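This report deals with salt bridges and with the exposure of the residues that form them. The sequence and the model are shown first.

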Amino acid sequence: YTPVERRQGRPRGQEIGRYDAASGAREVLASAAQLVAPGDTAGLVIESYAWSPDLSRVLIFTNAQRVWRTNSRGDYWVLDRLSGRLRKLGGPAARPSSLMFAKFSPDGSRVAYVRDFNLYVEDLATGRITALTRGGSRTIINGTFDWVYEEELMDYWADGWRWSPDGRSIAYWQLDATGVRDFDLINDTDSLYSFVMPVQYPKAGGTNSAARIGVVSAAGGVTRWMQVPGAPRDNYLARMEWAPSGDAVLIQQLNRLQNTLTLYAADPRSGGARVLVEERNDRGWVDPDTSGPPAFLAGGRSMIWQSERSGWRHLYQATLAEGGALRPITQGDFDVLSRVAVDTTDGWVYYVASPDNPARRYLFRARLDGRGPPERLSPADQPGTHSYAVAPGARFAFHTFSRFGVPPVVELVGLPDHRVLRTLVDNAQLRQRVAALRRGAEEWFQVDAGNGLHVGGWMIKPPDFDPNRRYPLFLFEYGGPLPDIQSSTVADRWLRTDYLWFTLLAQHGYVVASVENRGTGARGRDWRQATYGQLGVIESEDVAGAARAMGRWPFIDSTRIGIYGHSYGGFMALNVILRHPEVFSTAIAAAPV
């Protein structure tokens with residue numbers, strides 16, 4: 001909208017364009033005039049969209065509402081670009097903002113979606129809607145997830161069902177939440193009087209949802225349930241995907257202790273399941289891969305598998321045949337933090353790692369056959385944090401680079417030489433404003449946290465720092481066991497609004513710092529999983545030990561040490577002040593676990 005249009009309430013509408021990656025040349029594929037719903041002059045507000053395989057149709061998501069973490073429920077419209085027809089999915093029975101996870105069939109002729117905990121398929125030519133499941137409810141959940149699956153198993157990047165490669169079947173999760181007790185939340189803000197919001201939430205040792213995976217014909221019929229061994233309430237079905245051939249559904253089962261992860265190949269016709277890979281960890285947990293959908297190799301006969309069996313998180317090639325074997329792709333004393341792309345044509349996998357400094361992130365690539373050393377692609381003269389969204393084929397990538405106290409730059413780069421094709425966001429104005437702030441010295445350090453454990457950290461000193469004065473110490477921590485960059489607050493990256501707040505605190509006479517503790521990522525399995533079975537204990541000892549040592553620095557007032565954290569960091573803030581009140585005088589716990 002232009003400023004005048006905003007004031008006059010006359011929106012111009014949105015359109016969908018396609019850009020040539022190298023040149024930036026733009027082509028309109030769906031105009032604003034085409035995206036105006038019948039009876040509405042404003043045009044659809046596009047939350048997200050997806051194309052049919054031949055680009056003849058576009059599926060548009062709008063009027064989104066929040067479900068758990070994400071805005072995943074809303075309205076879906078399909079625009080036929082050839083006829084110009086725009087129509088809403090769901091039929092007359094669908095309430096506004098009631099559809100979830102709509103996806104085109106592989107041939108683009110149908111769309112399947114979840115509505116009111118059931119799965120449906122809608123034919124785009126005839127408008128016929130076929131119900132694939134029945135009886136969905138708050139406790140019988142088809143094609144989507146309960147709180148545990150979305151939040152704790154990190155299934156918020158996906159949804160609860162999959163088209164088969166030939167479009168004839170759909171595989172889906174069904175969760176039975178019967179017996180899962182409600183945790184009552186009090187809402188004091190959305191109305192004049194407070195009210196209770198019950199959330200089904202299994203406490204430790206309580207009843208979990210029972211999960212199973214079934215396959216049903218896209219034309220409707222009886223569901224065939226996959227016969228994965230183990231009690232449904234004592235195991236999680238953490239990941240599921242069709243094999244490219246369509247003759248197997250690949251299911252990752254995680255036991256409730258989360259120390260055994262088994263990959264099964266289930267026959268969609270008989271339901272029988274066989275073991276392909278099993279990961280066990282007697283001293284810690286096993287993580288499902290959070291990099292996204294699986295990457296298949298060798299024409300679908302194998303897939304990339306993530307494992308910490310060597311003591312470090314690495315990538316392997318797992319054969320999908322009977323008695324499948326693992327072959328290393330990456331090796332060495334470093335963690336593969338995320339897999340960002342696979343180029344099966346030229347035989348490379350692209351990944352982010354921190355082999356030399358766990359506070360930094362760089363892009364590497366390794367040969368899929370495991371031969372030869374990995375290649376670093378991030379520029380050697382850019383120490384800091386690099387993140388990438390790599391295009392299919394791995395010829396281009398959106399590259400984001402930042403450093404501590406330096407806002408990010410976003411570029412389009414060519415790969416593998418990392419040549420900059422265009423700068424998309426330079427943040428020049430923000431960088432100038434940050435550079436003009438009254439800032440003190442920013443330093444990286446190592447400190448003895450006790451028992452010979454040395455931890456790294458950073459600190460921001462007041463702009464008018466006087467080494468003969470004693471300053472209060474304010475620690476910023478997360479400290480949890482996530483495997484990627486978000487687990488670490490000791491990171492050479494732009495901390496967004498936190499950095500501006502910390503700069504303000506330093507201007508007011510605080511030394512602001514963050515220290516690393518056991519339980520965080522990028523340092524191998526043993527470091528990250530030292531907290532297994534005792535969350536909040538080991539991390540608190542490390543942070544308290546580091547704070548105690550910093551309190552002996554001549555410029556720190558040891559009677560005024562505080563801590564702040566969000567989510568797991570809030571859990572940490574509460575733990576350290578209750579377990580170590582002799583060290584900490586203040587704690588700010590935001591959204592504590």
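## Exposure of Lys103 and Asp159

In this predicted model, Lys103 has a relative accessibility of 22% and therefore counts as partly exposed, since buried means under 20% and exposed over 50%. Asp159 has a relative accessible area of 11%, so this residue is buried.

The side chains of these two residues, Lys103 and Asp159, form a salt bridge, with 2.9 Å from N to O. The pair connects distant parts of the chain: Lys103 belongs to strand E7 (residues 99-104), while Asp159 sits in the loop between helix H2 (147-152) and strand E12 (161-163), 56 residues apart.

## Arg162 and Glu241

A salt bridge also joins Arg162 to Glu241, where the closest N and O atoms are 3.2 Å apart. Here too distant parts of the chain are linked, as Arg162 is in strand E12 and Glu241 in strand E18 (residues 235-242), 79 residues apart. Arg162 and Glu241 are both buried.

## Arg283 and Asp526

Arg283 and Asp526 meet through their side chains in a salt bridge of 3.9 Å, N to O. Arg283 is in the loop between strand E21 (273-280) and strand E22 (296-297), and Asp526 is in helix H5 (residues 525-528), so the bridge ties together parts 243 residues apart in sequence. With a relative accessibility of 61%, Arg283 counts as exposed.

## Network and total

Lys103, Asp159, Arg162 and Glu241 belong to one network, joined by salt bridges that share partners. In total, the structure holds 33 salt bridges.

Definitions and conventions. Residues numbered from 1 in each chain as written. Predicted model: local features only at pLDDT ≥ 70, side-chain atom pairs only at ≥ 80, totals over all residues. Heavy atoms only, no water. Salt bridge = Lys/Arg side-chain N within 4 Å of Asp/Glu carboxyl O. Helix = DSSP H or I, 4+ residues; strand = E, 2+ residues; numbered from the N terminus. Buried < 20%, exposed > 50% of the residue type's maximum accessible area, 1.4 Å probe, protein only.
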